[in-house]
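Hi everyone, thanks for having me. Please take a look at the structure on the screen, and then we'll walk through it together.

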Amino acid sequence: MLVARYYNKAAAKAAKQVRITVGYPRGFKAGMPAVMEIAPDKATFGFSPEEFEKAYRAKLDAIGVEKIRASIKKAAGKAKAIVLCCFEDIRKEGERCHRTIFAAWYKEQTGELIQEFPEDDAKAKKGPTLF
């Protein structure tokens with residue numbers, strides 16, 4: 001399992017994309033499988049980075065790793081590889097993203113590493129963001 005932004009073309013080719021955002025990205029077809037348990041709550045969008053992480057981790061803790069695993073497995077279906085997708089381009093300085101918080105939380109809970117899928121290029125591109 002990997003994480004990436006929606007606009008990472010290499011990730012889209014290599015693995016089944018699974019949405020972990022409240023909204024759909026522009027240009028993507030509706031119906032993309034989703035794990036809404038991992039999506040941040042809209043109420044936290046205006047929080048400071050510290051407040052957001054605290055609230056987001058509390059949400060994950062309340063749901064629990066077993067329920068989240070089951071939801072990921074269901075979204076994956078028969079796919080051999082999946083990538084959990086959201087908006088932010090974390091190559092940009094100061095950019096924050098819930099997928100990196102989720103990956104750290106998941107490793108703390110399970111010992112399993114979830115890595116960021118590498119981008120096709122090293123240059124940060126402008127794209128829609130959630131925050």
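Let's begin with one word we'll need: a residue is called buried when its relative accessible area is under 20%. Keep in mind that this is a predicted model. Now, is Cys86 buried or exposed? Its relative accessible area is 0%, so Cys86 counts as buried. Cys97 is at 3%, and therefore Cys97 is buried as well. With cysteines around, you may wonder how many disulfides there are. The count comes to zero.

Cys86 brings us to strand S3, so let's stay there. S3 covers residues 82-86. Five of its five residues are buried, which means that the strand is largely enclosed by the rest of the structure. In a regular strand, side chains alternate between the two faces of the sheet. Here, Ile82, Leu84 and Cys86 point one way from S3, while Val83 and Cys85 point the other way.

Who is the neighbour of S3? Strand S2, residues 16-19, runs parallel to S3, and four bridges join the two. If you'd like one pair to find on the screen, look for Arg19, which stands opposite Cys85.

Next, the nonpolar cores. The largest one has 22 residues, and the members that touch the most others are Ile38, Ile72, Leu84 and Phe102. Which elements supply at least two residues each? Helix H2 (49-63), helix H3 (65-76), strand S3 and helix H4 (98-110) do. There is also a second, separate core of six residues, with Ala10, Val83, Cys85 and Phe117 among them. Leu84 points one way from S3, and Val83 and Cys85 point the other. Leu84 belongs to the largest core, whereas Val83 and Cys85 are in the second.

Moving along the chain, we come to Phe87, in the loop between S3 and H4. Phe87 counts as buried because its relative accessibility is 9%, below the 20% cut-off. Phe87 and Tyr7 are 80 residues apart along the chain, yet their C-alpha atoms are separated by 7.7 Å.

Last stop: helix H4. H4 has 13 residues and reaches 18 Å from its first C-alpha to its last, close to the 18 Å expected. Its buried residues are His98, Arg99, Ile101, Phe102, Ala103, Trp105 and Tyr106. In an α-helix, residues three or four places apart point the same way, because there are 3.6 residues a turn. After H4 comes Gly111, with a positive phi near 80°.

That's my tour, so thank you for listening!

Definitions and conventions
Residues are numbered from 1 along each chain as its sequence is written. This is a predicted model: local features need pLDDT of at least 70, side-chain atom pairs count only at pLDDT 80 or more; totals for chains, interfaces and linings use all residues. Side-chain values use heavy atoms; hydrogens and water are left out. A nonpolar core is a set of buried Ala, Val, Leu, Ile, Met, Phe, Trp, Tyr and Cys residues joined through side-chain atoms within 4.5 Å. Buried means under 20% relative accessible area, exposed over 50%, partly exposed in between (1.4 Å probe, protein chains only). A disulfide is a pair of cysteine sulfur atoms within 2.5 Å. The expected span of a helix is 1.5 Å times one less than its number of residues. Two strands pair if DSSP finds at least two bridges between them.
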